[in-house]
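Please open the model in a viewer and keep the sequence panel visible. The tour below proceeds by selections, each followed by a description of what is found there.

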Amino acid sequence: MAKILTVTLNPALDVTITLDALRAGHVNRSQGQATHAAGKGLNVAQVLADLGNTLTVSGFLGCDNLQPFEALMQVRGFTDGFIRVPGETRSNLKLVEADGRVTDVNGQGPEVGEEAQTALLRRLESLAVGHDAVVVAGSLPRGVSPQWFRQLLVQLREQGLKVVLDSSGEALRAGLDAAPWLVKPNAEELAEALGVPLEESTARREAVARLLERGVEHVVLSQGEAGVSWFSSGQTLHAKPPTVRVASTVGAGDSLVAGMVHGLLSGEPAEQTLRRATAIAAQAVTQVGFGIHDRPQLERLQAGVQLTSLHEACR
């Protein structure tokens, strides 16, 4: 299996509260609550570990609430490459209603100074050696500029790693300039990053073609219940997931990324890679938390994924 590095610059404690229906402006009674050490790169790492890969995790962590993150890394057997910074890692509140709708209230994390940013770049110079790929995922913390973020991606690419980018907004816009190996936006995130409307399928294809021309090798476009489209030079595949009962959509995109990275690094056929990745994402929405916990369910979901090959090359 592969040795993979994940970088989470702005991790979070996810506090997930389940309730029948959210009534704004009223007292709401919860049916359950769960707290997870999270952040997109950490979420990806957990799924990749369940698929048998070896993980190193890095980024920034606030010194004031380290315990949940250090406990996760110890239990999961992750190599800890995080830089500690003053302050508290943010908390994100997830309000999950019975129909699967999720309302996010994302906290504000610590400010990351130039000294910590330099320390992370230096640490990654040594940490990255021997890894097959790096997944850089999530938002930018306060104090980190898009220009620095691009520098980070370029450094990792120049170290010979396959760079996977899963972000949005300014981070995605800056990251695309670094020509990562794989990107996984949804249509809205890609439209915002490129500054063009992408409601029509033709416009989406043209945008993807431009990314491939700029050096991106794989564009994975997630479309929620409508499925996933995977574009690379010479092929376009679309996967539609089976219908499932939604418990929470948190982590579905991260699970998709993990499945794609695992399949690609394992050298599996494209159809198998996309089918499993889509099934892993479908399984993720049936649970609260991250990881592959029910293998028989995953096999059933994988059998229910519908694949379509469009036989159109994107050049």
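The stops that follow cover strands, a helix with its preceding loop, and the nonpolar cores.

**Stop 1: strand S4 and its partners**

This is a predicted model. Begin by selecting strand S4, residues 54–62. S4 is mostly covered, with 8 of its 9 residues buried. Add strand S1 (residues 3–8), which pairs with S4 in the parallel sense over 6 bridges. To check the register, display Lys-3, whose bridge partner in S4 is Thr-54.

Next, select strand S5 (residues 79–85), which also pairs with S4 in the parallel sense, here over 7 bridges. Within this pairing, Ser-58 has Gly-81 of S5 as its bridge partner. Follow the chain from S4 through helix H2 (residues 67–76) to S5: this β-α-β crossover is right-handed.

**Stop 2: strand S2 and its partners**

Select strand S2, residues 12–19. Of its 8 residues, 7 are buried, so S2 is largely enclosed by the rest of the structure. Two pairings can be displayed from here.

- With strand S3 (residues 32–38), S2 pairs in the antiparallel sense over 7 bridges; the bridge partner of Thr-18 in S3 is Gly-32.
- With strand S6 (residues 91–97), S2 pairs in the parallel sense over 7 bridges; the bridge partner of Leu-19 in S6 is Glu-97.

**Stop 3: Lys-184**

Move to the loop between strand S10 (182–183) and helix H6 (187–194), and select Lys-184. Is Lys-184 buried or exposed? Its relative accessibility is 6%, and because the cut-off for buried is under 20%, Lys-184 counts as buried. Show the side chain of Ser-222 as well: a polar contact of 3.4 Å joins it to the side chain of Lys-184. Leaving aside neighbours within four places in sequence, the residues in contact with Lys-184 include Asp-166, Glu-189, Gly-253 and Val-257.

**Stop 4: helix H6**

Continue along the chain to Asn-186, which caps the N-terminal end of H6. A side-chain oxygen of Asn-186 lies 3.1 Å from the backbone nitrogen of Glu-188. Now select the buried residues of H6, namely Ala-187, Leu-190, Ala-191 and Ala-193. Viewed down the helix axis, these buried residues fall within an arc of 165°, so they line one face of H6. Display helix H5 (169–176), helix H7 (201–213) and strand S11 (218–222) to see the elements against which the buried residues of H6 pack. Just after H6, Gly-195 takes a positive phi of about 70°.

**Stop 5: the nonpolar cores**

In soluble globular proteins, nonpolar side chains tend to be buried together. Which residues touch the most other members of the largest nonpolar core? Select Val-135 and Met-260, which hold that position among the 45 residues of this core. Helix H9 (residues 270–284) gives the most to the core, contributing 7 residues.

Centre the view on Val-135 and display its contacts. Leaving aside neighbours within four places in sequence, Val-135 is in contact with Ile-4, Leu-5, Thr-6 and Val-7, and also with Val-44, Val-164, Val-257 and Val-261. Val-257 was already displayed at the third stop, among the contacts of Lys-184.

Finally, select Leu-9, Ala-116, Leu-121 and Leu-176, which are among the members of a second, separate core of 44 residues.

Technical notes. Residues numbered from 1 in each chain as written. Predicted model: local features only at pLDDT ≥ 70, side-chain atom pairs only at ≥ 80, totals over all residues. Heavy atoms only, no water. Core = buried A, V, L, I, M, F, W, Y, C linked by side-chain atoms within 4.5 Å. Buried < 20%, exposed > 50% of the residue type's maximum accessible area, 1.4 Å probe, protein only. Helix = DSSP H or I, 4+ residues; strand = E, 2+ residues; numbered from the N terminus. Contact = heavy atoms within 4.5 Å. Polar contact = N/O pair within 3.5 Å; in protein donor to acceptor, adjacent residues only side chain to side chain. Arc of directions from axis to C-beta. Pairing = 2+ DSSP bridges. Right-handed = clockwise from strand over helix to strand, strands pointing away.
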